[in-house]
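Please open the model in your viewer and keep the selection tool at hand. The stops below say what to select next and what is there.

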Amino acid sequence: MTVLRVATSAFPTTADPASNVRWIRKHLRQAAHDGAQVVHFCEGALSGYVPGDLASLDGYDWPSLTRASESVAALAADLGLTVVVGSTHRLSAPHKPHNSVFVVGPDGAIRDRYDKRFCAGPRDGAEELAHYAPGDHPSTFEVAGVRCGVLICHEYRYPELFRQYVQLGVRVVFHSFHAAHVPPDRWEAMHAATGPENHRHHGGVGTLPGITMPATLISMAANNALWVSAANSSARQSCFGSFAVRPDGVMVGRLPRNRSGLLLTDIDLSTPYYDSTRAWRDRAIAGIFHSGTQVDDPRSKDRSSF
């Protein structure tokens, strides 16, 4: 089995595609030098993310984003890399754009575009839904014979999306986050909301994204026997550093919070990892919620006596 080397990026995203693309090009060259085949970037890596990096997309410089995107695709072809990069995809007026991740192949062509299906926010269309239109499809692609899938940020809360990828034969999930660029007042409120007395139970981490996002992806990896690459922006304040998890739920690498860098992970699907649900996962996915053979016994049916 070919080992798939993944480079998971972290850099301080901004509202300026020209600034973002300089970081992206730097990390692509570094990843190629380090022997990576896939380079994974965060949500909004090219375009910047609303509302983290910019307040809205009103008056956005779309031509600059197009030039930056084409520059990334050209360099991917020059270096022979597959690039998984977050951006904004403009739709026809009056529709809001998609919050997307583009998959660019080693020939520089777009393999697919994943559009975030569960944008955060209430049903009235506030928060993220005020800026983006939700997508309608999963996205899979292959690198070195390994089938991969893509998810974005808030979608870590939906185990059904991970199970859908399992059914599609995916072995590696590239999960792009933007839990960063948190202003000081919001940062203090987030710390207070988790309870300072509880931070010691989480290694000193004091924000809900910093606690739940890595923990949930560890769980999703172990529950579904998936490799996970989690790329986050390092723009201050960033809630956590980019990290990678292997199929038994063990984190195999993590970048420091608020610092740019590349995390290299070697994925070898022939390596056996502990998977206590291997025998019965397909039944659970199919809606058969038990292992083994159930019995027909009156004492089993009587649930009101000892």
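Begin by selecting H2 (62-79), S3 (82-89) and S4 (98-104), since each of these elements supplies at least two residues of the lining of the second largest pocket. Helices (H or I, at least four residues) and strands (E, at least two) are DSSP runs, numbered from the N terminus. The model is a predicted one, in which local features need pLDDT of at least 70 and side-chain atom pairs count only at pLDDT 80 or more, while totals for chains, interfaces and linings use all residues. Residues are numbered from 1 along each chain as its sequence is written, and side-chain values use heavy atoms, with hydrogens and water left out.

**The second largest pocket**

H2 gives the largest share of this lining, seven residues, and the volume of the pocket is about 300 Å³. Of its 16 lining residues, show Leu 65, Thr 66, Ser 69, Phe 102 and Ile 110, which are the closest to its centre. By class the lining has nine nonpolar, five polar and two charged residues, where Ala, Val, Leu, Ile, Met, Phe, Trp, Tyr, Cys and Pro count as nonpolar, Asp, Glu, Lys and Arg as charged, and the others, Gly among them, as polar. The search runs on a 1 Å grid over the protein atoms alone: a pocket is an open set of points with protein on both sides within 12 Å along at least five of seven lines, a cavity is a set of points where a 1.4 Å probe fits but cannot get out, and lining residues have an atom within 4 Å of a point. Grid points are joined across faces, edges and corners, and a volume is the space filled by probe spheres set on the points.

**The sheet that holds S3 and S4**

Next, select the open sheet of six strands with the order S5-S4-S3-S2-S1-S12 and mixed pairing; two strands pair if DSSP finds at least two bridges between them. S5 and S12 stand at the edges with a single partner strand each, so one side of each has no neighbour in the sheet. On average, neighbouring strands here are turned by 25 degrees against each other, direction ignored. Axes are lines fitted to C-alpha atoms, for helices over the stretch in contact, and angles run from 0 to 180 degrees between N-to-C directions.

At one edge, S4 and S5 pair in the antiparallel sense over five bridges, with Val 104 opposite Ile 110 in S5. Five residues lie between the strands of this hairpin, in which Gly 108 takes a positive phi near 85 degrees. At the other edge, S1 and S12 are antiparallel over seven bridges, and Val 6 stands opposite Thr 265 in S12. Then add helix H1 (residues 17-33), which lies across S1, S2, S3 and S12 and runs at about 40 degrees to S12.

**The cavity**

Keep Val 6 and Thr 265 selected and add Thr 8, Val 228, Ser 229, Ala 244 and Ile 267, which together line the largest cavity. About 30 Å³ of space lies in this cavity, and S1, S9 and S12 each supply at least two residues of its lining.

**The other sheet**

S9 leads to an open sheet of six strands in the order S6-S7-S8-S9-S10-S11, with mixed pairing. Strands S7 (residues 146-152) and S8 (residues 172-176) run parallel and are joined by five bridges; Val 173 in S8 is the bridge partner of Gly 149. Helix H3 (residues 159-167) packs on the sheet, touching S6, S7 and S8 (contact means heavy atoms within 4.5 Å), and its direction makes about 160 degrees with that of S7. Helix H5 (residues 208-224) lies across S8, S9, S10 and S11, at about 30 degrees to S10.

**The largest pocket**

H5, together with H4 (184-194), gives two or more residues to the lining of the largest pocket, whose volume is about 760 Å³. Among its 26 lining residues, Tyr 49, His 178, Arg 186, Met 190 and Pro 209 lie nearest its centre.

**Backbone details in the loops**

Which peptide bond to Pro 51 should you expect, cis or trans? The bond from Val 50 to Pro 51 is cis, with omega near 5 degrees, and Pro 51 is found in the loop between S2 and H2. Finish at Cys 153, in the loop between S7 and H3, where phi is positive, near 40 degrees.
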